[in-house]
Amino acid sequence: MKVYLIGAGPGDPGLLTIKGRDVLKRADVIVYDYLANDAFLNYAKPGAEIIYVGKKGGDHTLSQEGINKLIVDKAKEGKVVARLKGGDPYVFGRGGEEAEELLDAGVEFEEVPGITSAVAGPAYAGIPLTHRSYSSSVSFITGHEDPTKPESAHNWKALAESASTLVFFMGMKNLPEISRKLIEAGMDPDTPAALVRWGTTSRHRSLAATIGTLPEEGKKAGFSSPSLIVVGHVVKLRDSLNWFEQLPLLGKGVVVTRAREQASGLASSLTDLGAEVIQFPTILIRPLEDYAPVHDAIRRLPEYDWLVFTSVNGVKHFWQQLAELKLDSRALGKAKVAAIGPATADILREKGIEPDFIPEKYVAEGVVKGMIELGMDGSKILLPRAKVAREVLPEELVRAGAQVDILPVYETVPGDANRQTVLDMLEEGRIHCITFGSSSTVDNFFLLVEPEVMRQYEKVHMACIGPVTRKTLERYGFACTIQPEDYTIPALVDELVVQLPKA
């Protein structure tokens, strides 16, 4: 039994440490906070128990005493417990209190440090906390003091007269009082100061002013918790070093409807550009119950002139069955190989196969056109694909004189993960675009979110990877407002950058 107190960082999922990720992968129980990015839960192993104990705006899912008891009890069940906390557990995170409880209970524990928001938030806003020209020290201060208390725990005179950069946590409610006390203690009202809200996340915002004007400017700009208050001359660097707020999709919520196995490339590209990615896998990729027909087809590979792959998943599942039979790419023999597009071609190359044909247009119709030009009359073609798929390709190749054997190697079923999250974010106005990578993602999306519901949100863009997907969307009465000329994920991302201007 062991408990790991893990710092999840300030919100950007890329700022989780490698050690933190590795612990999450092997933990039996994950206990996580409101400020910890939900994306980290994707690292959980199958069957791990995931428990939310977050606290937001005074709404406590579980009291601190309850959290302490929970992690002790789970550990005493002989489990490895990952206690995931936003920022760093030991920096205003009450991790020290939890560690003491574990120690008293005789439970082994380890603290895995995280990047504190006090460093990362200002850094993303272009504010280095130290700089040779401005400040050589930093003070981290809680701003969550009761203004009615007769005495403050802080030495305001020392803070006001120091040359340190001051960073206040949890201070938005008391910002006017913080400003007043610093000025009364001798700080120049014109001292640069800034607010950083939701630092490092796609909802990141910052504002620079002076300590004298910050309360009013923050109120005008609608700043609220969670925000950091940064005071000091390093704030002067914000305008020149503010790199994160220049990202083209910052503040844009984009729904990715692809299956989770396919979504990583699109999701990571969008995240790198500042978007808030909401993974809503409307389809799930599943193996077949019976692979005997696939094994039979593999044994007959020498009979085929062509293998045609229409998806990355088709390649992956076909090669898994090759491996089951202790075979590899050499089993393809003399057969030529076609790939529907560059992503499918790339995974074939990973398997040691250079495709003999890739169409100019990355849809079934493009494959048909190009292969007919190569001459298909009398050719025998094997088509590894999903159990249910469009029939355009095999039907047209048969018309061209080919013999086509359709070989299901996986199946797709509707998914429903994150449905309520998507509905809530639509209502909050935080979703700006929904992306569709295939007709099946469109069909399954509208099984989960009824067309009548979506018609309430006319300003939400609908993005389709290509014309076939667009036509499916139009059958539901919605216009595709974003579609790339090249039917690829990189091209779709580029088009989103053009069509979704920065908030």
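Buried means under 20% relative accessible area. The model used in these exercises is predicted.

**Exercise 1. Burial and pairing of β1**

Determine how many residues of strand β1 (residues 2-7) are buried, and which strands pair with β1.

Solution.

Step 1. Apply the cut-off to the strand: 6 of the 6 residues in β1 are buried, and the strand is mostly covered.

Step 2. Sort the residues by direction. In a regular strand the side chains alternate between the two faces of the sheet. In β1, Lys-2, Tyr-4 and Ile-6 point one way, while Val-3, Leu-5 and Gly-7 point the other way; all are buried.

Step 3. Look up the partners. Strand β6 (residues 80-85) pairs with β1 in the parallel sense, over 6 bridges. Strand β7 (residues 109-112) also runs parallel to β1, and 4 bridges join the two.

Step 4. Take one residue pair from each partner. Gly-7 has Lys-85 as its bridge partner in β6. Leu-5 stands opposite Glu-111 in β7.

**Exercise 2. Classifying two aromatic pairs**

The structure holds 15 aromatic pairs. Classify the pair Phe-309 and Trp-319, then the pair Phe-436 and Phe-445, and state for each ring whether the residue is buried or exposed.

Solution.

Step 1. Ring centres within 6.5 Å count as a pair; planes under 30 degrees apart are stacked, over 60 edge-to-face, and the rest tilted.

Step 2. For Phe-309 and Trp-319 the centres are 5.9 Å apart and the planes meet at 45 degrees, so this pair is tilted.

Step 3. Place the two residues in the chain. Phe-309 belongs to strand β16 (residues 306-309) and Trp-319 to helix α11 (residues 312-324); they are 10 residues apart, and the pair links distant parts of the chain. Both Phe-309 and Trp-319 are buried.

Step 4. For Phe-436 and Phe-445 the centre-to-centre distance is 5.5 Å and the angle between the planes is 80 degrees, which makes the pair edge-to-face.

Step 5. Phe-436 has 1% relative accessibility and therefore counts as buried. Phe-445, at 0%, counts as buried too.

Step 6. Extend the pair to its surroundings. Phe-436 and Phe-445 belong to a cluster linked by ring pairs, together with Phe-280, Phe-446, Tyr-476 and Phe-478.

**Exercise 3. Charges over rings**

Find which ring lies under Arg-205 and which lies under the charged end of Lys-380.

Solution.

Step 1. Arg-205 lies over the face of Phe-223, 4.3 Å from the ring centre.

Step 2. Lys-380 has its charged end over the ring of Tyr-304, at 5.0 Å from the centre.

Definitions and conventions
Residues are numbered from 1 along each chain as its sequence is written. This is a predicted model: local features need pLDDT of at least 70, side-chain atom pairs count only at pLDDT 80 or more; totals for chains, interfaces and linings use all residues. Side-chain values use heavy atoms; hydrogens and water are left out. Rings of Phe, Tyr and Trp (its six-membered ring) pair if their centres lie within 6.5 Å; planes under 30 degrees apart count as stacked, over 60 as edge-to-face and the rest as tilted. Buried means under 20% relative accessible area, exposed over 50%, partly exposed in between (1.4 Å probe, protein chains only). A charge sits over a ring if NZ of Lys or CZ of Arg is within 6 Å of the ring centre and within 35 degrees of the ring normal. Two strands pair if DSSP finds at least two bridges between them.
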